[in-house]
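Hello,

Here is the structure we talked about handing over. Please look through it first; my notes on what was found follow below.

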Amino acid sequence: MPERNSNILLSVWKFYVDGFRNMTWGRPLWGLIILKIIILFAVLRVFFFQPVLSGKTDSEKSDFVGDRLVERVEGTAGSD
């Protein structure tokens, strides 16, 4: 049975490799999609996901995370 699974995986892999090899418009489009994703994540990282815990000691980090978790639990408990 493992041979059959490996043959199926191998045939699927060959199918996709052959498909990507024979693309004409697909390659530039995939390149554009990957470029847009990289730019999107770079912009999101810089402006929205700034490192809150950088420059803090381990005890300060654990206190900060603990306080946030307690705030979140208290906020959800009050909404019931």
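**Findings**

Over residues 29-48 the chain is 95% helix and 0% strand, and 27 Å separates the C-alpha atoms at the two ends. Please keep in mind that this is a predicted model. The stretch was picked out because an unreviewed UniProt entry annotates residues 29-48 as "transmembrane region"; such annotations may be inferred rather than shown by experiment.

**Overall layout**

The protein chain has 3 helices and 0 strands. Read from the N terminus, its elements follow the order α-α-α. Of the 80 residues in the protein chain, 1% are buried. The exposed area of the protein chain is about 7,600 Å², and 67% of that is supplied by carbon and sulfur atoms.

**Nonpolar patch**

A nonpolar patch on the surface is formed by I8, V12, F15, Y16, F20, W30, I33, I34, I37, I38 and F41, which together have about 1,100 Å² of accessible area. Two elements give two or more residues to this patch: helix 1 (2-21) and helix 2 (26-47). Helix 2 provides the largest share, with 6 residues.

One member of the patch to look at is F20, which lies in helix 1. Its relative accessible area is 37%, so F20 is classed as partly exposed, a class that runs between the 20% limit for buried and the 50% limit for exposed.

**Negative patch**

The surface also carries a patch of negative charge, where E60, D63, D67, E71 and E74 gather. E60 sits in helix 3, which spans residues 58-77. With a relative accessibility of 41%, E60 counts as partly exposed too, because that value falls between the same two limits of 20% and 50%.

That is what I have for now.

Regards

Key:
Residues are numbered from 1 along each chain as its sequence is written. This is a predicted model: local features need pLDDT of at least 70, side-chain atom pairs count only at pLDDT 80 or more; totals for chains, interfaces and linings use all residues. Side-chain values use heavy atoms; hydrogens and water are left out. Helices (H or I, at least four residues) and strands (E, at least two) are DSSP runs, numbered from the N terminus. Patches are made of residues with over 30% relative accessible area and no salt bridge: like charges are joined within 9 Å, nonpolar side chains (Val, Leu, Ile, Met, Phe, Trp, Tyr) within 5 Å. Accessible areas come from the Shrake-Rupley method with a 1.4 Å probe; for residues, only the protein chains shown count as cover. A salt bridge is a side-chain nitrogen of Lys or Arg within 4 Å of a carboxyl oxygen of Asp or Glu. Lys and Arg count as positive and Asp and Glu as negative; His and the chain ends are not counted. The place of a charge is taken as NZ of Lys, CZ of Arg, CG of Asp or CD of Glu. Buried means under 20% relative accessible area, exposed over 50%, partly exposed in between (1.4 Å probe, protein chains only).
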